[in-house]
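Here is a short guided tour to read with the model open beside you. Take a moment to turn the structure around before you start.

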Amino acid sequence: MACNQTISGIVQDCLTSKGGVAEVYLANYEDVTDVTVSSDKVNGITMASGKKFKRFYFRPGTSSMTSTLNIDNAAGVNFVQTLLTMLFSRMETTKRVEMSALAVNDLRAIVKDANGVYWLLGEEEPVIANAGDGQTGTAKTDANRYSITLEDNNGTFPKEILIGSGGVDLDAIVE
C-alpha cells in the first residue's frame with residue numbers, strides 16, 4: 001500500500017546561508033509542560049512555574065547540529081536522529097559539574113543556527129547525552145576544553161520555532 005503524502009516541491013533559494021550554531025538553550029524535559037505546533041512550526045512553549053531554559057555559552061565556530069534520516073524499509077523504521085555537539089573552552093570545575101549533569105538528565109533544547117533560525121529538539125522524547133570528553137590538548141595551541149554531544153530522536157527533522165509576534169516569547173522562557 002502506498003503512502004499518500006503531498007509533495008509540493010522546493011523553490012530555488014537565492015539567499016546566502018551560514019553554517020554553525022550560534023546559541024543553545026537547555027531545560028529539563030519535564031520543565032516544559034506544553035509545546036504547540038501550527039503549520040508545522042512551533043509557535044508556543046509553556047514552562048512549569050518558575051522554570052526556564054538556561055543559556056549555554058561557547059565560542060563561535062565550535063558547535064554544530066546534524067540531523068540524519070534513518071530508514072529501514074524492511075522493518076518499517078523511519079526516524080531522524082539529531083546530534084547537537086557543543087565545545088566549551090577551558091576545563092574547570094564549574095564546567096565539569098555541568099557536563100556531569102547534562103550526561104544524566106532528560107532535556108529539551110532550543111538551538112539557534114548561524115542564520116538566526118531557532119529549532120526545537122526534544123519535541124517527542126527527551127534529548128539525552130550521546131558522548132562527551134574533556135581534553136587538555138598536547139601543544140600550547142591545542143584546545144583545552146570539554147565537549148558533549150546530545151541526541152534527539154524524532155519522527156521528523158527538528159521543527160523551526162517561530163519567535164516573537166504570533167510565536168514564542170523567548171524572553172519569557174529563557175533565563
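The report below goes from the overall fold to the cores, the aromatic rings, the largest pocket and two single residues.

## Overall fold

Please keep in mind that this is a predicted model. Its chain has 175 residues, and 31% of them are buried. Two helices and eleven strands make up the secondary structure, and along the sequence they follow the pattern β-β-β-β-β-β-α-β-β-β-β-β-α.

Measured out along the principal axes would be one way to picture the chain; in computed terms, its C-alpha atoms fill a box of roughly 60 × 40 × 40 Å. If you look at contacts with a separation of 6 or more, 66% of them join residues 24 or more positions apart.

## Two nonpolar cores

A good place to begin inside the protein is the largest nonpolar core, which has 18 residues. Leu26, Leu84, Met86 and Leu150 are the members that touch the most others. Two or more residues of this core come from each of β1 (21–28), β6 (77–89), α1 (93–104), β7 (107–113) and β10 (145–154). There is also a second, separate core, with 15 residues, including Val32, Phe53, Ile110 and Leu170.

Which residues does Leu150 contact, once its neighbours within four places in sequence are left aside? Among them are Leu26, Thr82, Leu83, Leu84 and Met86. The list also includes Leu102 and Leu107, as well as Val127, Ile128, Ala129 and Asn130.

## Aromatic rings

Two aromatic pairs occur in the structure. In one of them, Phe58 and Phe88 meet edge-to-face, with 6.3 Å from centre to centre and 70 degrees between the planes. Phe58 sits in the loop between β4 and β5 (64–72), while Phe88 belongs to strand β6, so this pair ties together parts that are 30 residues apart in sequence.

Are these two rings buried or exposed? Phe58 has a relative accessible area of 14%, which is under the 20% cut-off, so Phe58 counts as buried. Phe88 is buried too, at 5% relative accessibility. Ring pairs also bring in Phe56, giving a cluster of Phe56, Phe58 and Phe88.

## The largest pocket

How much space lies in the largest pocket? The computed value is about 230 Å³. Its lining has 14 residues, and those closest to the pocket centre are Leu26, Ala27, Asn28, Asp31 and Lys54. Leu26 is thus worth a second look, as it is also one of the core residues that touch the most other members.

The elements β1, β4 (54–56) and α1 each give at least two residues to the lining. Sorted by class, the lining consists of six nonpolar, three polar and five charged residues.

## Two residues to compare

Asn154 is found in strand β10. With a relative accessible area of 3%, Asn154 is buried. Not counting residues up to four places away in sequence, Asn154 touches Phe79, Val80, Glu123 and Glu124.

Thr16 lies in the segment before β1. Its relative accessible area is 77%, over the 50% cut-off, so Thr16 is exposed. From Thr16 to Val35 there are 19 residues in sequence, and their C-alpha atoms are 30 Å apart in space.

Methods: Residues are numbered from 1 along each chain as its sequence is written. This is a predicted model: local features need pLDDT of at least 70, side-chain atom pairs count only at pLDDT 80 or more; totals for chains, interfaces and linings use all residues. Side-chain values use heavy atoms; hydrogens and water are left out. A nonpolar core is a set of buried Ala, Val, Leu, Ile, Met, Phe, Trp, Tyr and Cys residues joined through side-chain atoms within 4.5 Å. Buried means under 20% relative accessible area, exposed over 50%, partly exposed in between (1.4 Å probe, protein chains only). Helices (H or I, at least four residues) and strands (E, at least two) are DSSP runs, numbered from the N terminus. Contact means heavy atoms within 4.5 Å. On a 1 Å grid over the protein atoms alone, a cavity is a set of points where a 1.4 Å probe fits but cannot get out, and a pocket is an open set with protein on both sides within 12 Å along at least five of seven lines; lining residues have an atom within 4 Å of a point. Grid points are joined across faces, edges and corners, and a volume is the space filled by probe spheres set on the points. Ala, Val, Leu, Ile, Met, Phe, Trp, Tyr, Cys and Pro count as nonpolar, Asp, Glu, Lys and Arg as charged, and the others, Gly among them, as polar. Rings of Phe, Tyr and Trp (its six-membered ring) pair if their centres lie within 6.5 Å; planes under 30 degrees apart count as stacked, over 60 as edge-to-face and the rest as tilted.
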